[in-house]
Amino acid sequence: MGACSGLGVCKGLQTFEGNKPCPAVRTLAQVLLDNVPLLTETYVEVNGRPLPRLQWKKDGTLNRHDAGLALDLILFADRASEQQLANELIEAFLECRPEMQWYSLIYMNFQYDRNGNRSPYTESNLHMTHIHIDWLNYSLYEQTGKTSIPWPPEAYRTGFADIVKERLAQTYSSW
């Protein structure tokens, strides 16, 4: 497993800062790295820097990424093959939702809640470059007065690895 750079991005599952993603994020990231070859690669950011396609760190502030509860899968919507893969991965995550128990999934102009309900996503960043999946329980965050982001019980789930792996094998073979 590779280490993360000081820029808040992670190709592997450890950071120099010593904090780690929750078990659910670690499990999903490892399954993706083991089963979706494109996600082991890097892409070139607008500033010319190569960055990993799987990212869980953000900027060190109080947010779901740096709390270890979110994972981004960089797949560009303006590249037909990447958008097709992203759509297939979203379908896989929706099908495996009961086992994974994630809280939200965002790509392009849509978001899915923990029940799989789809709605428009209207934030300024429409996630046209990546899938966002997280295990943030917003009510737990509010209970802290928005001063910390606790991990909900679902963030400790790891038993979904085999079913996601099986579903990804179907997805990737068709892609």
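In what order do the strands of the open sheet stand, and is the pairing parallel or antiparallel? The views below start with that sheet. This is a predicted model, in which local features need pLDDT of at least 70, side-chain atom pairs count only at pLDDT 80 or more, and totals for chains, interfaces and linings use all residues. Residues are numbered from 1 along each chain as its sequence is written, and side-chain values use heavy atoms, leaving out hydrogens and water.

**View 1. The open sheet and its edges.** Here 6 strands line up as β3-β4-β8-β5-β6-β7, with antiparallel pairing. Strands (E, at least two residues) and helices (H or I, at least four) are DSSP runs, numbered from the N terminus, and two strands pair if DSSP finds at least two bridges between them. At the edges stand β3 (54-55) and β7 (118-120), each with a single partner strand, so one side of each has no neighbour in the sheet.

**View 2. Where β6 meets β7.** Strand β6 (residues 110-113) is joined to β7 by 3 bridges, and the two run antiparallel. Look for glutamine 111, whose bridge partner in β7 is serine 119.

**View 3. Helix α2 on the sheet.** Helix α2 touches β4, β5 (104-107), β6 and β8, where contact means heavy atoms within 4.5 Å. Its direction makes about 165° with that of β5; axes are lines fitted to C-alpha atoms, for helices over the stretch in contact, and angles run from 0 to 180 degrees between N-to-C directions. The buried residues of α2 include Leu85, Leu89, Ile90 and Phe93; buried means under 20% relative accessible area, exposed over 50%, and partly exposed in between (1.4 Å probe, protein chains only).

**View 4. Two cysteines.** Cysteine 22 is buried, at a relative accessible area of 0%, and cysteine 96 is buried as well, at 3%. Searching the whole structure gives 0 disulfides, a disulfide being a pair of cysteine sulfur atoms within 2.5 Å.

**View 5. Positive phi in two loops.** Most residues other than glycine have a negative phi. Methionine 108, in the loop between β5 and β6, has a positive phi of about 55°. Lysine 146 sits in the loop between α4 (138-143) and α5, with a positive phi of about 60°. Lysine 146 is partly exposed, with a relative accessible area of 40%.

**View 6. Confidence along the chain.** The protein has a mean pLDDT (the predictor's confidence in each residue, from 0 to 100) of 86. Over residues 1-18 pLDDT stays under 50, so please read that stretch with its confidence in mind.
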